[in-house]
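Me: Please take a close look at one part of this model, the aromatic cluster. Tell me what holds its rings in place relative to one another, and then set it in the chain.

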Amino acid sequence: MSRSVRSLIHLFVTAAAFAPLAANAQVETAKVAARDYSAELACGTNAVGMPPDTSIRVGAGREKGKALFGPDEALVIKAGTAQGVKPGQEYYVRRVVPDRFVLPAGDKVQRSSIHTAAWIRIVDAQTDSAIATVVKACDAIEEGDYLEPFVRTPVPADSPASGEPDFANPGHLVLGDERRQMAAAGDMMVLDRGSDHGLHTGQHVTIFRTTGDGTGPIARIAEATVVVVKPETSTIRIDKTSDAVNVGDLVAIHR
């Protein structure tokens with residue numbers, strides 16, 4: 001048997017031996033790439049019409065000068081049992097984002113943009129201070145961020161689009177997360193319509209723009225699903241787009 005033939009046989013045997021490993025690697029990669037929609041909702045953009053309660057805050061780090069925190073780090077909380085903070089409790093870590101681009105809603109109420117940095121679990125609590133660990137980091141946690149009780153947001157079940165878009169009574173996109181003014185498929189934005197306007201989770205909406213100063217045809221920009229509903233605002237997940245979605249775009253609710 002010639003050397004070239006032996007080399008080809010060796011190459012074939014080696015490739016056959018590693019083929020299952022490559023297939024398993026592809027499977028593992030697919031598993032890692034799976035999206036955690038529940039975590040995305042918890043970390044998603046948020047808006048409030050009234051100033052939030054910021055009385056419970058993240059304190060300075062245990063090391064001098066440390067004011068930025070991430071996963072696997074212990075946080076000092078500037079509240080304890082006297083303020084109702086107990087071991088085992090979980091909280092969102094949030095901050096108000098001064099966003100000068102935020103547009104007023106249809107009722108002319110100015111919204112505040114709320115950024116979620118993480119959610120945490122209290123592991124020890126004294127009278128006026130506590131220690132917490134990070135359960136899920138959405139972003140860097142900063143000294144001064146405030147805490148809100150954690151409530152997991154259920155992921156709405158996928159449902160086929162139903163109803164017709166109501167172009168005559170549109171809402172508006174009022175903000176993205178942390179000053180973002182544009183979005184694409186998979187992103188979330190806040191709509192100035194909520195349960196007070198008949199919205200519910202899983203409802204479909206069409207994002208659009210008018211043409212010809214309102215006298216031309218409707219330009220459909222994207223399709224989206226309502227994922228979190230509050231009385232006056234909702235968070236929508238953009239499902240597919242034909243153009244970039246912008247703050248200020250019109251939103252037709254499917255009725």
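Reply: Here is the cluster, ring by ring, followed by the chain around it.

The model is predicted. Three residues make up the cluster: Tyr-92, Trp-119 and Phe-150 are linked by ring pairs. The count of aromatic pairs comes to three.

Start with Tyr-92 and Phe-150. Their ring centres are 4.8 Å apart. Their planes meet at 55°, so the pair is tilted. Stacked would need planes under 30 degrees apart, and edge-to-face over 60. Where do the two residues sit? Tyr-92 lies in strand β4, residues 90-97. Phe-150 lies in the loop between β8 (146-149) and β9 (165-175). The pair therefore ties together parts that are 58 residues apart in sequence.

Both partners are buried. Tyr-92 has a relative accessible area of 5%. Phe-150 has 15% relative accessibility and also counts as buried, because the cut-off is under 20%.

Now the second pair. Trp-119 and Phe-150 are stacked. Their centres are 4.7 Å apart, with 25° between the planes. Trp-119 belongs to strand β5, residues 112-125. Phe-150 is again the loop partner, so this pair ties together parts that are 31 residues apart in sequence. Trp-119 is buried too, at 4% relative accessibility.

Phe-150 thus takes part in a tilted pair with Tyr-92 and a stacked pair with Trp-119. One loop residue meets a residue of β4 and a residue of β5.

Tyr-92 has a further neighbour. Arg-94 lies over the face of the Tyr-92 ring, at 3.9 Å from the ring centre.

Next, the wider chain. Its secondary structure comes to two helices and 16 strands. Strand β9, which follows the loop of Phe-150, is part of a closed barrel of six strands. The barrel runs β9-β11-β14-β13-β12-β16, with antiparallel pairing. From one strand to the next, the twist averages 45°. One of its pairings joins β12 (residues 204-209) and β16 (residues 250-254). These two strands are antiparallel over four bridges. Val-205 stands opposite Ile-253 of β16.

Some totals complete the setting. Of the 255 residues in the chain, 38% are buried. Among contacts between residues at least 6 apart in sequence, 71% join residues at least 24 apart. The chain exposes about 13900 Å², and carbon and sulfur atoms supply 56% of that area.

Definitions and conventions:
Residues are numbered from 1 along each chain as its sequence is written. This is a predicted model: local features need pLDDT of at least 70, side-chain atom pairs count only at pLDDT 80 or more; totals for chains, interfaces and linings use all residues. Side-chain values use heavy atoms; hydrogens and water are left out. Two strands pair if DSSP finds at least two bridges between them. Axes are lines fitted to C-alpha atoms, for helices over the stretch in contact, and angles run from 0 to 180 degrees between N-to-C directions. Rings of Phe, Tyr and Trp (its six-membered ring) pair if their centres lie within 6.5 Å; planes under 30 degrees apart count as stacked, over 60 as edge-to-face and the rest as tilted. Buried means under 20% relative accessible area, exposed over 50%, partly exposed in between (1.4 Å probe, protein chains only). A charge sits over a ring if NZ of Lys or CZ of Arg is within 6 Å of the ring centre and within 35 degrees of the ring normal. Contact means heavy atoms within 4.5 Å. Accessible areas come from the Shrake-Rupley method with a 1.4 Å probe; for residues, only the protein chains shown count as cover.
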